[in-house]
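User: Could you take a close look at one part of this model for me? I would like to understand its unusual backbone spots.

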Amino acid sequence: MSRLSILCICFAVLAAGPGRVQAAAPLSDATQECLDCHASVTLGIVADWRSGRHAAMSVAQSLGGDNAVRRITAGEVPEKLRGVAVGCAECHTLRPDRHADTFEHNGHRVHVVVSPRDCAVCHTEEASQYAENLMSRAYGNLKDNPLYAKLQVSIIGDTGEKDGRITFAPADARTRAVGCYYCHGTRLAFKGLETRETDVGDLAFPVIDGWPSQGVGRVNLDGSLGACTACHGRHSFSIEMARKPGTCKQCHVGPDVPAYRVYAASKHAGIYESLGAHWNFQAVPWTVGRDFKAPTCAVCHASQLVGEDGELLVERTHRMNDRLPKRLYGLIYTHAHPRSPDTSIIRNADGQPLPTTLDGRPAEAFLIDQKEQGRRLKNMQAVCRGCHSTTWVRGHWARLDRTVAVTDAAVKQATGIMQRIWRAGYARGPAEGGNPFDENIERTWTELWLFYANSTRFAAAMAGGGDYGVFAEGRFNLSQNMVELAEWLQQQEKLEGKASKEKSAE
Amino acid sequence: MSRLSILCICFAVLAAGPGRVQAAAPLSDATQECLDCHASVTLGIVADWRSGRHAAMSVAQSLGGDNAVRRITAGEVPEKLRGVAVGCAECHTLRPDRHADTFEHNGHRVHVVVSPRDCAVCHTEEASQYAENLMSRAYGNLKDNPLYAKLQVSIIGDTGEKDGRITFAPADARTRAVGCYYCHGTRLAFKGLETRETDVGDLAFPVIDGWPSQGVGRVNLDGSLGACTACHGRHSFSIEMARKPGTCKQCHVGPDVPAYRVYAASKHAGIYESLGAHWNFQAVPWTVGRDFKAPTCAVCHASQLVGEDGELLVERTHRMNDRLPKRLYGLIYTHAHPRSPDTSIIRNADGQPLPTTLDGRPAEAFLIDQKEQGRRLKNMQAVCRGCHSTTWVRGHWARLDRTVAVTDAAVKQATGIMQRIWRAGYARGPAEGGNPFDENIERTWTELWLFYANSTRFAAAMAGGGDYGVFAEGRFNLSQNMVELAEWLQQQEKLEGKASKEKSAE
Amino acid sequence: MSRLSILCICFAVLAAGPGRVQAAAPLSDATQECLDCHASVTLGIVADWRSGRHAAMSVAQSLGGDNAVRRITAGEVPEKLRGVAVGCAECHTLRPDRHADTFEHNGHRVHVVVSPRDCAVCHTEEASQYAENLMSRAYGNLKDNPLYAKLQVSIIGDTGEKDGRITFAPADARTRAVGCYYCHGTRLAFKGLETRETDVGDLAFPVIDGWPSQGVGRVNLDGSLGACTACHGRHSFSIEMARKPGTCKQCHVGPDVPAYRVYAASKHAGIYESLGAHWNFQAVPWTVGRDFKAPTCAVCHASQLVGEDGELLVERTHRMNDRLPKRLYGLIYTHAHPRSPDTSIIRNADGQPLPTTLDGRPAEAFLIDQKEQGRRLKNMQAVCRGCHSTTWVRGHWARLDRTVAVTDAAVKQATGIMQRIWRAGYARGPAEGGNPFDENIERTWTELWLFYANSTRFAAAMAGGGDYGVFAEGRFNLSQNMVELAEWLQQQEKLEGKASKEKSAE
């Protein structure tokens with residue numbers, strides 16, 4: 001090998017950068033046919049796919065490789081996939097009989113929506129873990145919960161007016177799809193074929209209700225749940241993407257689940273933002289302190305982590321609460337994580353579809369027990385201990401525990417005031433068949449637990465106490481809404497008292 | 001060539017990185033004279049300029065190059081510019097008779113403020129497109145609209161008090177310059193010369209009212225409108241900067257035009273944030289899927305895009321609404337884009353300087369027609385289709401259309417309530433000569449259309465529905481302010497009723 | 001040297017990237033012993049340390065190097081440190097008699113908490129400057145100010161209820177540690193040893209109240225104040241980290257001190273976000289325009305800056321207000337910076353622990369004088385002038401001065417209304433022994449000066465007027481809260497009037 005060639009390779013590798021892999025694997029005839037048109041029809045998709053691992057190696061090469069190459073968790077992979085790169089046809093013509101949107105397309109039986117069960121042909125373990133993930137049920141968990149439906153309609157519903165009051169009617173499908181179900185995922189439904197003029201003549205394409213959607217709980221046309229593309233963006237499906245916080249931010253940034261916002265103001269994010277450009281987001285396994293120096297979302301919640309000598313700190317998981325004993329996201333209180341990813345089955349002691357009663361008693365039969373909580377806590381702390389001493393870790397968790405207790409107590413106090421307001425008839429509460437979320441003072445209460453108690457807890461959990469823990473949508477607002485609730489009730493009572501006095505004076 | 005030299009070059013290229021170009025072109029004598037002092041007087045500017053393309057090649061070299069080198073759209077360039085790099089003197093002594101701030105400076109006739117008409121000497125097409133861009137009129141569009149003046153004074157005006165009510169007096173020039181006109185641009189005015197002591201003795205410098213300003217609609221001292229530096233930061237004028245979202249964020253991040261915030265929570269930004277470091281932001285032309293994998297602001301709104309074989313997807317434009325059929329930024333409703341960049345000429349059917357009436361009827365004579373809307377829609381969808389199928393694109397736009405309809409309906413309902421409040425005299429509305437923006441309940445209404453309806457639409461437009469579409473300044477707040485308006489009106493009526501009862505009882 | 005070796009070095013350097021330095025210096029025996037266990041017990045810490053400068057060279061090598069290598073400001077360094085890398089033992093066994101948490105650990109006298117006085121053994125100048133930095137007193141400045149204590153308890157205190165009103169009791173230590181004191185720093189206290197089971201048998205470890213903490217004003221176990229790790233993250237202590245805005249963001253992002261938010265929407269940040277990946281954040285000294293093209297926080301407030309020929313623009317400082325004449329962070333007005341970093345000693349003319357009276361008169365005896373303000377202004381403007389002309393700089397500061405005047409006037413007006421509310425008894429003010437921050441209308445006033453006046457000033461100071469200066473937590477909200485205060489007072493007076501009329505009618 002000449003010195004120049006070495007230099008050329010050196011250059012090529014460096015120029016390609018960590019984000020690019022050169023396509024080299026043999027393509028199936030079917031995929032080649034797809035590319036013949038789609039390289040110009042949907043050229044961005046094709047160019048993106050070319051830069052990813054699916055295009056770079058055949059399934060057999062991946063199966064034969066070590067940890068750093070092999071990403072396939074299936075024991076067996078269908079013979080016809082083994083010798084070729086994972087191209088268009090490999091995914092979009094897989095299991096054609098199972099997909100309601102399979103259509104005849106230039107001699108191939110193609111389906112538009114690739115589902116987790118398609119991906120499971122190679123990525124078996126990930127798909128089966130994800131099926132047990134709360135997120136995979138995000139569609140039904142929202143839709144099939146009658147109480148959440150009331151919250152939903154009061155936010156995204158069509159507004160009208162009756163007797164001077166704002167009314168809410170259920171939102172249409174398109175509004176739902178860009179509203180709550182953008183993250184939760186839509187229910188897809190095949191509506192038949194339509195013929196469209198194209199550059200190569202008239203062609204038939206499926207019409208799919210609810211499409212597009214990349215929501216985590218998408219109900220697919222083969223009956224499976226979820227969209228791998230929610231985190232693993234098409235069509236390069238880079239592991240780097242799933243490991244970086246921008247990916248999670250797509251859904252976890254609003255004031256209701258401010259995970260990204262809180263992370264972004266934490267010490268961990270400070271380190272990531274300043275040094276992350278030097279880290280290795282592609283290494284498998286992922287080495288703590290060498291490949292990265294501070295956690296991203298994936299480090300704590302999903303990734304397999306090892307030490308420099310390869311020792312395992314924690315296993316990879318696609319069941320995102322595997323390292324989470326408690327659900328901090330208050331509904332309306334914190335609670336042990338649900339046993340089943342299907343939370344629509346939960347009923348509390350008062351018969352409501354909530355993991356706790358309105359005064360905070362947990363629906364224990366539906367929640368994981370102490371032992372399972374302990375197992376998950378141990379998982380998470382194994383991550384912490386990669387960089388922190390036991391003393392440190394204990395100190396951190398003691399504070400989080402305290403924050404959970406304090407915020408739950410505050411929510412209980414606020415809910416008590418809200419219930420007095422309902423009982424006094426100053427607002428129409430659930431007991432009178434009212435929507436508990438659709439009046440102004442009810443919003444004050446909703447914000448308190450949904451935005452401010454959550455932000456405060458997330459801040460304690462992610463060691464980002466300074467901002468979201470105090471002023472930005474944390475304790476400052478929590479205490480403010482508490483005072484507002486109490487003052488509002490007092491004012492109503494005062495006006496009422498005045499009114500009754502007037503009445504008796506008449 | 002020795003191996004060491006090869007290595008050195010290798011190192012140099014790598015160390016320089018994609019953001020740096022080495023200065024190599026011949027300098028004019030005048031520029032050399034400038035540098036003799038300014039390399040130490042304003043050393044950051046000089047070092048920055050040295051790293052850019054203007055310093056790296058002569059105009060002739062650029063003119064002679066292919067697409068990847070040539071950035072000049074002028075057919076002819078003045079002879080004296082051709083042989084040299086574009087240095088200090090080339091821009092700051094250009095067209096001296098046209099600039100009111102031209103002053104004698106060490107034997108040269110220098111002007112401080114370089115204007116789009118100066119840049120147009122080489123970048124002709126960009127400048128003429130920009131002159132038709134809404135942004136170029138941002139100064140007058142705000143200043144010359146009597147209704148916007150009322151909104152402006154109620155926000156940035158000097159506050160006083162009269163009879164217990166807050167009054168607003170017009171803000172001074174300096175407040176305006178760091179307020180609304182920071183983005184809109186200031187009107188510059190030459191106020192004469194002043195003599196200042198410097199390291200090289202006493203020198204005279206121009207005094208310029210409104211300076212500094214890099215607002216998009218700056219009124220320049222040669223009468224031209226705009227500041228290229230708003231997006232192309234001095235003095236390296238990197239195309240990479242204009243192509244990255246941080247540039248647009250300078251003005252499009254507030255709750256009124258939350259483009260950046262919404263983008264930052266979208267799938268597109270998730271991909272950009274996680275993989276963008278590997279992309280090529282300098283390539284001209286810019287290849288979809290290879291140079292970048294997800295859009296930044298520039299991709300959708302401005303850049304020329306091609307496929308891997310060089311086929312054109314869409315032309316470059318500096319008329320930023322060339323790909324925008326509708327203006328989502330509600331004033332107070334969405335509407336077809338204005339025909340003229342000068343929006344101060346618009347009058348609706350009720351004679352107000354607004355593109356629609358308060359109940360939503362468009363001022364059609366001043367807005368682009370269906371055909372032109374169709375042309376712009378096609379431009380934008382050509383970008384979408386670079387990476388998305390027709391089915392996908394149609395599904396996306398159907399949702400956006402629905403969101404536009406739903407939010408416009410909500411604004412109409414809210415405005416109806418506001419008008420009842422004005423008619424009842426609970427607030428002083430425009431009919432009574434009141435400023436419609438300066439009372440608390442009027443702010444509730446203003447936020448509804450200016451912040452929340454806008455955020456909701458932007459979220460639908462940029463497929464970032466999950467956050468800004470629902471909880472963060474979107475539908476949650478929109479519905480909340482709607483309820484607030486209605487409850488406030490009811491309370492006033494109740495108090496009023498009580499008052500009238502009392503009156504009749506007296 | 002073989003060609004292959006050259007290539008290997010080339011590769012190694014490039015693969016390492018700008019963020020990594022290979023460990024090469026000799027280790028002390030003590031450090032080697034630490035590593036024998038901790039390379040697996042706290043592997044992330046060890047790997048992180050290995051990648052930093054402390055591991056890469058001995059103290060003597062650093063002392064012998066030029067500017068670019070030497071980071072040690074001590075004239076003399078203890079002999080035993082000179083020949084070795086700065087490893088675990090060098091810091092964690094330094095000055096053992098001074099640290100209350102020193103404990104016997106496998107034959108070594110180890111302390112957990114490394115303090116600024118430990119760092120000062122090599123970094124003398126930085127530590128002594130930091131001791132004069134306001135931040136080093138952040139713990140006491142909050143805790144020992146009786147007025148701030150009232151603000152604190154109304155935000156993070158435990159809520160109860162009495163006679164229908166919300167009461168606040170002081171928060172517990174853990175809540176404080178994840179609340180205000182997360183940034184301010186906690187007071188550490190040694191509570192004795194506890195024995196814990198470990199992989200190598202039972203070992204004793206110190207129990208430390210207030211641990212962990214990386215707050216800027218941490219009270220350490222050797223009596224020193226501060227935590228260098230607040231900005232220089234463990235254990236690679238990269239200068240790059242301290243120079244990037246993500247570091248400062250950890251504490252300066254909330255609505256009370258929105259420095260990061262405002263920066264992020266400025267032109268400076270736009271340039272940093274789009275081009276920063278190409279800059280050199282490790283160079284010492286740091287060259288304006290070449291190493292970086294736009295300021296980060298560190299550029300303006302801390303770093304030593306030079307021109308391309310090495311000429312000094314401004315000295316490095318760890319006294320963060322060395323370049324700040326005025327404190328924009330209103331308490332409740334802007335004011336000249338305090339003379340002493342201990343602000344708990346300040347008393348205004350009315351005896352309150354505030355730098356101004358409630359109507360804005362400065363507590364001059366405790367604040368720096370005009371001359372010192374002039375010196376600091378000159379320091380800051382030396383930074384501006386690196387890239388901006390004198391005309392530009394003057395224009396910028398004139399606007400900031402005006403913004404300071406306008407916002408102070410607005411705060412004075414709002415405070416006047418608040419005082420009328422207190423005097424009328426509509427809220428319980430300080431004169432009646434009430435907490436001035438714990439009622440709803442008091443929060444309206446608090447937000448006005450703490451959030452909105454601050455954001456408006458920061459926006460003017462950092463040339464980010466377009467967003468935070470107007471709509472996002474700036475003038476829009478400031479004027480809104482002003483109107484709210486006035487309207488609320490009017491409504492109370494109206495209700496009162498009605499009540500008194502009723503009374504007289506009875």
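Where does Pro212(C) lie in chain C?

Analyst: Happy to help! This is a predicted model, in which local features need pLDDT of at least 70, side-chain atom pairs count only at pLDDT 80 or more, and totals for chains, interfaces and linings use all residues. Residues are numbered from 1 along each chain as its sequence is written, while chains are lettered from A and ligands numbered from 1 in the order in which they are written.

Pro212(C) sits in the loop between strand S6 (201-209) and helix H14 (239-243) of chain C; helices (H or I, at least four residues) and strands (E, at least two) are DSSP runs, numbered from the N terminus. The bond leading into Pro212(C) from Trp211(C) is a cis peptide, with omega near 0°.

Chain B has a cis peptide bond too, between Leu331(B) and Ile332(B), where omega is about -15°. Ile332(B) belongs to the loop between strand S10 (326-327) and strand S11 (335-336) of chain B. As background, most peptide bonds are trans, and most residues other than glycine have a negative phi.

On the phi side, Arg95(B), not a glycine, has a positive value of about 50°. Arg95(B) is in the loop between helix H7 (88-92) and strand S1 (103-105) of chain B. Asn106(B) also has a positive phi, near 50°, and is placed in the loop between S1 and strand S2 (108-110) of chain B.

Burial is judged by other C-beta atoms within 10 Å of a residue's own, placed from the backbone: buried at 20 or more, exposed at 12 or fewer, partly exposed in between. Arg95(B) has 16 such neighbours, so it counts as partly exposed; Asn106(B) has 11, so it counts as exposed.
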